[in-house]
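Visitor: Could you walk me through this model and show me how to read its features?
Guide: Sure, let's take a look together.

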Amino acid sequence: GKTTAFVRDFHKHRPNSRLLILAPLTIIIEQNEKDYKDKGKVFLTGKSDVTEHIKALEADTVFATYEQGIRLLEASTFDCIVIDEIHQLITANSFKRDVIAALTPLLDKCKVIGLTGTTSQIFTQIGYKLLDVDVAEPTKTPIEVRYTTTKAFNIALNHLSQSHTGKVLIRLNEIETIKALITHLVELKLYKKSEILFLYSTIQIKNSNDYKNLAHERQFFGRYKLVFTTSLIDEGLSIDQAGFTDVVFIETNYNPRPEPVKQFFARFRNDD
């Protein structure tokens, strides 16, 4: 509800101000477009045409990826910038270094508000105030944590070899391991290949109907009984789908950051 609060209430309190909402991923912008598209709001991604970019120069509310936000801020000014998943300015610096380096100097022109469910004291050291906004009694999600020296392939296989009453989603940031698992599971006849979906970061997958359906409908297609994903869906996506009985996060990094595990489990919006 962090973004919803700004879309719904910002102009009640700042009726004559321009608002730019930046998000790290195209799919987040696409989900916001489905949720909030109406007169006056513009949504910019790498797929946007010239007409949309022209509209953005005057619109009172614009959603944009970091990359498109750079282009827009070089040509237009906003009273307030909201940065969704602001922790990405730190955690994504290893693979979005150039984009973040180009974006951050442009933020000095106006008021900046960052939104994140995984904050860090680093932000206070670079001049931000931290405001804790929460419900009075947040609902806790029970998560079972296990530590093991077993290889990721065997952890996943052991889990999937058990009987499951519902759909299973496994998050493992190892593409080749997942490909080998899929081949092995089909050979064992535990799953048909048509029942398995694998999402990872390629242009083909991001343009696929499977990925678009997840972005726009918040669901995987019903034929899938097993979903594998890398870190691709850790940020910003919403999944609202019944029938999942197992959601497994396998971490193989010896020095993992705390953000991915919390962000990943937060993708699921339905209570069960």
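**Salt bridges, a patch and a cavity**

Guide: Let's start with a pair of side chains: Lys47 forms a salt bridge with Glu30, and their closest N and O atoms are 2.9 Å apart. Lys47 sits in the loop between strand 2 (41–44) and helix 3 (50–56), while Glu30 is in helix 2 (residues 26–36), so the pair ties together parts that are 17 residues apart in sequence. Before we go on: this is a predicted model, in which local features need pLDDT of at least 70 and side-chain atom pairs count only at pLDDT 80 or more, while totals for chains, interfaces and linings use all residues. Residues are numbered from 1 along each chain as its sequence is written, and side-chain values use heavy atoms, with hydrogens and water left out.

Visitor: What counts as a salt bridge, and how are helices and strands numbered?
Guide: A salt bridge is a side-chain nitrogen of Lys or Arg within 4 Å of a carboxyl oxygen of Asp or Glu. Helices (H or I, at least four residues) and strands (E, at least two) are DSSP runs, numbered from the N terminus.

Visitor: Is Glu30 buried or exposed?
Guide: Buried means under 20% relative accessible area, exposed over 50%, and partly exposed in between (1.4 Å probe, protein chains only). Glu30 is buried at 12%, whereas its partner Lys47 is exposed at 52%.

Visitor: How many salt bridges does the structure hold?
Guide: Twelve. One of them joins Arg223 and Asp210, at 3.7 Å from N to O. That pair links distant parts of the chain, 13 residues apart: Arg223 is in the loop between helix 11 (209–217) and strand 8 (226–229), and Asp210 is in helix 11. Arg223 is partly exposed at 48%, and Asp210 is buried at 16%. You can also look for networks: Arg8, Asp9 and Lys12 are linked in one.

Visitor: What about Arg146 and Glu144?
Guide: Their side chains meet in a salt bridge as well, 2.8 Å from N to O. Arg146 is exposed at 65%, and Glu144 is exposed at 61%.

Visitor: Which residues make the nonpolar surface patch?
Guide: The general idea goes like this: patches are made of residues with over 30% relative accessible area and no salt bridge, with like charges joined within 9 Å and nonpolar side chains (Val, Leu, Ile, Met, Phe, Trp, Tyr) within 5 Å. Here Ile143, Val145 and Tyr147 make a patch of about 390 Å². Tyr147 lies in the loop between helix 7 (122–125) and helix 8 (152–161), and Tyr147 is exposed at 79%.

Visitor: How many cavities of 30 Å³ or more does a search find?
Guide: On a 1 Å grid over the protein atoms alone, a cavity is a set of points where a 1.4 Å probe fits but cannot get out, and lining residues have an atom within 4 Å of a point. The whole-structure search finds one of 30 Å³ or more, and the largest cavity holds about 40 Å³ of space. Its lining consists of Leu73, Ser76, Thr77, Phe78, Ile81, Leu106, Lys109 and Cys110.

Visitor: How far apart in space are Lys206 and Ile27?
Guide: They are 8.6 Å apart, C-alpha to C-alpha, with their positions 179 residues apart in sequence. Lys206 belongs to helix 10 (residues 203–206) and is partly exposed at 32%. Now try Asn158 and Thr104: 54 residues apart in sequence, and 45 Å apart in space, C-alpha to C-alpha.

Methods
Areas by Shrake-Rupley, 256 points an atom, 1.4 Å probe, with all protein chains shown as cover. 1 Å grid on protein atoms, 1.4 Å probe; cavity = no way out; pocket = protein on both sides within 12 Å on 5 of 7 lines; lining within 4 Å. Points joined across faces, edges and corners; volume = space filled by probe spheres on them.
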